[in-house]
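Reader: I am new to this structure and would like a close look at a single part. Please take me through the disulfides with care.

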Amino acid sequence: MESGFLTFILVSSFTVSSSHTDTPDEVLVAREDEPTTLICADKTVRGAVAINWMQKLSGADEWKLVLSANERTELSGGASKASMRWTDPNFRDTGVFSLFFLPKMKDGGFYSCLIKQQERKVKERIILLVIFKVTVVPAAPILQLSTLALIASVNPDSAVAKITWEAPGGISMKSERKPNTGTVAKLPLLQISDGGAYVCLVHPQGDSSRAPFPFNVDVTVDADNVASFTNITHAPLISTATQAHTSFTLTCPAVQGDYVLLHWQPPDARKRTNMKLVYQYDRWRGSTLLTEQSKKLQLAGPPYNAEAGSFSFLLTPGWKDGGLYACDVFLNSVAFSQRTRLSVLKVKATYSSSKLQLGCLYSELSQVQSAKWTYQNKSHQLHSETSGLGSISTSLPLPITSDTAGNYTCTLQLKNGQTVQATQAVTLPHEESVSVTTPSQLPSLSALLLLVVPLVAAAVCVLLWRQKHISDRSIEQSLSVHSGEAENIYENPEDIRQQAPPEGSVYMDLKPRGEDDVYEELERCERCQS
């Protein structure tokens, strides 16, 4: 009997498995360790039926028996679990053959419900079961200022198109899909207001119009306690220098972090006071905290990528922006710190009435070994003098000559041997300067008048001479017309105007005030012209 029974089971299993396909009739996403029901029913089937529930786990090649039953017996197969059972003990009468159990992550895969009657296949239903698991880090209670990580994973992973997260209020969250981990969403620097119900949405492969499977995750933030970061890894201090107003890279720890804080202590501080926060960036929330000092800072681009957690900063410093910088990168509950002590070098030129003074300014004196001026002509020795802390200068007499023109370089050497230079070019003065105009260079008003008045007088003389010439011709013509009249032609000029004037003639009404006064101006003009 026992041998025959085993033979029946093996043959039955082989016959059932040979008819299976991997195209599911339904995709079901179930949460790990939560009650799950795989639906299989046919209420048209009554009486003597045979039911086989089979399982093909993710990554497996063969189907295995889970549960089997006929009109006389019920059997648990090798793939059965302690929590597995029929949802309806009277399935023979009701036609409901659904399977209930509490799945684990490893139980994801294909499930088949095969219904037979009189050795004839009545119905087969294939279900793809995707097991979902969520992990919340850190475990409750979650302290303020800690980094909350919500990690969603599924099995089989290939059955899911994507997983998304929503914060309370339906606000979309940034998430990243990480191999062998799952889809991760984080909230750094957690606040009490961040507590509430978060939703994980699982989108299966296939029909994109189908609604995703939602799963709630409750987050409660401890209102009384704040997280402290005691696990800090410090990198060796970087001691360096750069020129003012040039781009300088402030290096951060080489880890993929969640957020970054940049603190700064001004140069040459007499007291080592607490460092000031000057920049903060949270890549998960996409938020940036800026300060006045942030205007000279920006997150560095390639090969760095702040959105992916690879941080560094570009600083364009002024002379007073040296000092101590601390870049702290946070990953979950671990912090990594990189400190940089920076000296900034600046040169400037100041003109006075008798000399050109070249100044060299530098900051963070605690790490400076020396500073000096040099000329491009090495044989030319410069006299330098200290004009205060962090300042050295040299002077050149004016005017600048070919012996003093050229490049002057200030070299700053740090105690670690590193050097940085800044160059000031001194050029010869231009032969003609248009940038500055002194009063002595302006022409005097009298000189201008001496030039202009003769020109104007000559122009007037030419005009009067022309008028005299034309008038003489007109007078002669008029006298010839009126030679028989005894009256003066100039006493009645209207009589002359009524005559048809010769072409090109000009008539003048001259009223003499005295003898020969009419021609006085004309004669003077002729004298000027000659």
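**The disulfides**

Author: Cys40 and Cys113 are both buried, a word that stands here for under 20% relative accessible area with a 1.4 Å probe and protein chains only. The model is a predicted one, in which local features need pLDDT of at least 70, side-chain atom pairs count only at pLDDT 80 or more, and totals for chains, interfaces and linings use all residues. Residues are numbered from 1 along each chain as its sequence is written, and side-chain values use heavy atoms, with hydrogens and water left out.

A disulfide is a pair of cysteine sulfur atoms within 2.5 Å, and by this rule the chain has three. One of them joins Cys40 to Cys113, with 1.9 Å from S to S, and its -70 degrees about the S-S bond make the link left-handed. Cys40 lies in the loop between strand S2 (36-38) and strand S3 (50-57), while Cys113 belongs to strand S8 (residues 109-117), so the pair ties together parts that are 73 residues apart in sequence; strands are DSSP runs (E, at least two residues) numbered from the N terminus.

Cys252 and Cys327 form another disulfide, their sulfur atoms 1.9 Å apart, and the torsion about this S-S bond is about 100 degrees, so the disulfide is right-handed. Cys252 sits in the loop between strand S21 (248-251) and strand S22 (259-265) and Cys327 in strand S27 (residues 323-331), so parts 75 residues apart in sequence are tied together.

Cys360 and Cys410 also form a disulfide, and Cys360 in strand S29 (residues 355-362) is 50 residues apart from Cys410 in strand S33 (residues 406-414).

Methods:
Helix = DSSP H or I, 4+ residues; strand = E, 2+ residues; numbered from the N terminus. Buried < 20%, exposed > 50% of the residue type's maximum accessible area, 1.4 Å probe, protein only.
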